[in-house]
Amino acid sequence: MEKLVSLCKRRGFMFQSSEIYGGLNGFWDYGPLGVELKRNVKESWWRDMVTGHDELAVYPGAPSEYEMAGLDCTIIMHPQVWKCSGHYDLFHDFMVDCRETRKRYRHDQVRGRWVSAKGQRIFVTTMAEVAAEEEDVQRRALKFFNIRAKDADQLKWDGGFANLTSVDDFGAVLAPDAGQLGTLTEPREFNLMFKTFVGALSGEDGAAYLRPETAQGIFVNFKNVVDSTRVKLPLGIAQIGKSFRNEITPRNFTFRSREFEQMEIEFFCHPNASGDWYRYWRDRRMAWYTSLGLSGQRLRLREHDPDELSHYSTGTADIEYAFPFLPAGEFGELEGIAHRGDFDLRSHMEGKLDENSNPLQVQLGEDGKPKYRGSGKDLSYRDELTNERFVPHVIEPSTGADRATLAFLCEAYTEDEAPDDKGDMQTRVVMRLHPRLAPIKAAVLPLVKKDGMPELAKDIYRALKQRFNVFYDEKGAIGRRYRRQDEAGTPYCITVDTDSLADNTVTLRDRDTLEQIRVKVDDVVNEIQTRLH
Ligand code: ATP
C-alpha cells in the first residue's frame with residue numbers, strides 16, 4: 001500500500017488536500033492523472049448503467065425490460081429531507097475522547113492488545129495502519145512499563161489484536177496517543193452530517209446539512225421525473241455527486257474520506273417483482289466490477305444474513321474488496337445493494353417511518369403527532385395498463401466513485417520484469433488499469449528527436465488526440481519513456497522509428513504483454529479504437 005500511495009503522489013494521481021498548509025485530514029485532491037482516472041470510472045458507470053442502457057432488451061437475469069434516467073440534485077436540500085430519511089436522528093457513529101490528548105476516535109476503529117508486565121494487565125491501543133500496529137503496540141507497552149527493548153520478553157501478550165468495543169473496563173486502556181491509563185471517555189453518539197447555515201439566518205431556523213448521500217435527492221424527485229417524462233416503471237434513476245460525512249477518523253487513503261462522490265441508483269418497481277429485481281441488480285453490479293478488471297480472490301459478494309436485515313427488506317448484499325491496507329483475510333465495502341421496500345417513498349409522503357414497526361408505521365412524537373412530518377405529496381404510481389396504484393418498492397445499488405477508483409488502483413499496481421534499453425531485465429512498476437479506465441490511452445514516442453521522426457509522430461498524435469486522451473513524449477531514452485507510461489497505466493505506446501519513414505508503419509507496444517507489432521500509420525486510430533473496447 002505504501003508503494004501505491006507514493007506512486008499516486010509522485011505521478012500525480014492524488015494529493016492530500018491543502019497540502020502546503022499541512023493537509024486536511026479526510027480530504028483528497030485528484031491530480032492530472034487521477035482526475036482522468038476518476039472521470040473514466042464515473043463515465044463508465046454512467047454509460048453502462050444509464051446512457052448505454054437498452055430499454056428494449058431484457059438483460060440476462062432481469063424479470064423484464066426496464067428504463068433508466070439520470071438526475072443531478074443539489075448538495076443542500078430542505079432540512080426536513082434528513083429528518084424524514086432518518087439521518088437527523090440515526091446517522092451517527094460512536095466516538096470516544098481522550099481526556100489527556102483531546103483526540104477523538106471512532107469507538108469501533110480503535111484496535112489493541114492485552115499485555116501484562118510488572119503485575120499489571122493493560123489494553124494497549126493503536127491507530128497505526130495494520131502493517132505497523134504490531135510494532136506500535138510493542139513500542140508503547142515498553143514505554144508504559146518502562147522496559148528496555150532488549151528486555152521485551154518481560155511483556156506477556158494475551159491474545160491477538162482485538163477491537164476496543166470488546167473492552168468493558170476503560171480504566172485498563174492505554175489510549176492511542178496517551179501516556180497514562182484510563183483517559184478515554186465512555187462512547188458517545190456523534191452525528192456524521194456536516195451542518196451549515198443558509199442565508200443570513202444563523203440560528204436553528206437557517207440550519208441545513210450537506211447531503212451525506214445522493215439517494216434522497218432521487219426519492220424527493222421521483223414524482224418530478226415520472227410526471228415530466230414518459231418513463232414507466234420499472235425505472236432506475238441514477239445520480240453521481242458529492243456527499244459529505246464528518247467521519248470521526250478518516251483513514252486508509254480515500255477509502256474513508258469526509259468529502260467523496262457517490263454513484264447511486266434508486267430502482268423503482270412493483271412490490272411483487274422486487275425480490276427478482278434485487279437479485280438482478282446484485283449480480284449486474286458485481287459483473288460491472290469484473291468487466292473492468294476487478295476479479296479473483298480480492299473481490300467478493302457478501303449477502304447479509306437474514307438477522308442483519310431490517311424486516312422490510314428482503315435482501316442486502318455488499319460487494320467487497322480486499323484492500324491491501326486491511327488485515328489479511330478482511331474485506332472492505334465497495335458497494336451496497338439494498339432492497340429498501342417502500343420505506344423511503346412512504347417516509348417522504350407520510351412522515352418518518354419507525355423502522356422497527358411491523359408493518360411500518362409513522363413514528364410519533366410525544367404529542368401523538370408524526371415526529372417528523374412528510375411532504376404530504378402522493379408519491380404512489382399508477383400502472384397505465386392495469387390501472388393499479390401502488391407505492392413502488394426500491395432496490396438501491398450504491399457505490400462510491402472514490403472507493404471504486406481506489407480499488408481499481410490497488411488491483412492495477414503490479415511489479416514485474418521488462419527489458420531495459422540494453423535488453424537486460426529490470427523490475428518495472430506497471431499500473432494494469434483496464435483500457436477504458438486508463439487516464440492516457442496511448443503515448444506517441446519518436447525514437448529520436450531527428451530525421452523527421454518527431455514530425456510523423458506529431459501527425460499521429462494529433463490524429464489520435466481528436467478521439468482519445470493521448471500523450472506525446474520525445475524526451476529521454478525510449479526505455480525510460482516506456483516506464484513512465486507503464487506507471488501511468490497507459491495501455492499502448494506507439495513508437496516512430498527509422499523503419500517508419502521507409503514503410504509508413506509504427507510499433508505498437510502493449511503495456512501488459514510487452515508484445516510489439518507493426519501497424520500501418522493510416523490504421524493507428526482504428527487499431528487503438530478497437531483495442532480500447
Ligand atoms: P461504511 O460502512 O464503509 O462506512 P456505509 O455502509 O456507511 O459504508 P453507504 O452509506 O452504504 O456506506 O454508502 C454507499 C457507498 O458510498 C459505500 O459503499 C462507499 O463506496 C461509499 N462511501 C460511504 N462512505 C464513504 C466515505 N467516508 N468515503 C468514501 N466513500 C464512502
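How many bridges join strand E25 to strand E27, and in which sense do the two run? Keep that in mind as you open this predicted model, and let us start the tour right there.

**Stop 1: the five-stranded sheet**

Select residues 442–446 for E25 and 492–496 for E27: five bridges join the two strands, and they run parallel. To see one bridge up close, show Ala443, whose partner in E27 is Cys493. Now widen the selection to the whole open sheet, which has five strands in the order E26-E25-E27-E28-E29 and mixed pairing. At its edges are E26 (470–472) and E29, each of which pairs on one side only. Looking across the sheet, you can follow a twist that averages 25° from one strand to the next.

While you are here, select Leu514, in the loop between E28 (505–510) and E29 (516–520). Leu514 is not a glycine, yet its phi is positive, at about 65°. Most residues other than glycine have a negative phi. Color by accessibility and Leu514 comes out as partly exposed, with 25% relative accessibility.

**Stop 2: the ligand**

Next, center the view on the ligand and show its shell of 15 residues, of which Arg245, Glu247, Arg256, Ser257 and Glu333 come nearest. By character, the shell divides into three nonpolar, six polar and six charged residues.

Turn on distances for three of the contacts:

- Glu333: an N or O atom of its side chain is 2.7 Å from an oxygen atom of the ligand.
- Leu334: here a polar backbone atom is 3.0 Å from a ligand oxygen.
- Arg403: a polar atom of its side chain lies 3.0 Å from an oxygen atom of the ligand.

Switch to a surface view, and you will find that the protein covers 80% of the 590 Å² of accessible area that the ligand has on its own. Which elements give two or more residues to the shell? They are strands E14 (259–269), E17 (332–341) and E22 (393–400).

**Stop 3: strand E14 and its partners**

Of those strands, pick E14 and look at its neighbors. On residues 235–244 you will find E13, which pairs with E14 in the antiparallel sense over 10 bridges. A handy pair to label is Phe244 and its bridge partner Glu259 in E14. Then turn to E22, which is antiparallel to E14 and joined to it by six bridges. Label Phe267 for this one, together with its bridge partner Ile395 in E22. Is E14 mostly covered or mostly open? It is mostly covered, with 10 of its 11 residues buried.

**Stop 4: two cis peptide bonds**

Most peptide bonds are trans, but here are two to inspect that are not. Select Leu233 and Pro234: the bond between them is cis, with omega near -5°. Pro234 sits in the loop between helix H6 (215–228) and E13, the strand you have just seen beside E14. Then move to Asn358 and Pro359, where the peptide bond is also cis, with omega near 0°. Pro359 belongs to the loop between strands E18 (353–354) and E19 (361–362).

**Stop 5: one more positive phi**

Finish at Asn146, in the loop between helix H5 (130–145) and strand E8 (156–163). Its phi is near 60°, a positive value in a residue other than glycine. Is Asn146 buried or exposed? With a relative accessible area of 66%, Asn146 is exposed.

Technical notes. Residues are numbered from 1 along each chain as its sequence is written. This is a predicted model: local features need pLDDT of at least 70, side-chain atom pairs count only at pLDDT 80 or more; totals for chains, interfaces and linings use all residues. Side-chain values use heavy atoms; hydrogens and water are left out. A residue is near a molecule or strand if one of its heavy atoms lies within 4 Å of it. A polar contact is a pair of N or O atoms within 3.5 Å; within protein, one must be able to donate a hydrogen and the other to accept it, and residues adjacent in sequence count only if both atoms are side-chain atoms. Accessible areas come from the Shrake-Rupley method with a 1.4 Å probe; for residues, only the protein chains shown count as cover. Helices (H or I, at least four residues) and strands (E, at least two) are DSSP runs, numbered from the N terminus. Ala, Val, Leu, Ile, Met, Phe, Trp, Tyr, Cys and Pro count as nonpolar, Asp, Glu, Lys and Arg as charged, and the others, Gly among them, as polar. Buried means under 20% relative accessible area, exposed over 50%, partly exposed in between (1.4 Å probe, protein chains only). Two strands pair if DSSP finds at least two bridges between them. Axes are lines fitted to C-alpha atoms, for helices over the stretch in contact, and angles run from 0 to 180 degrees between N-to-C directions.
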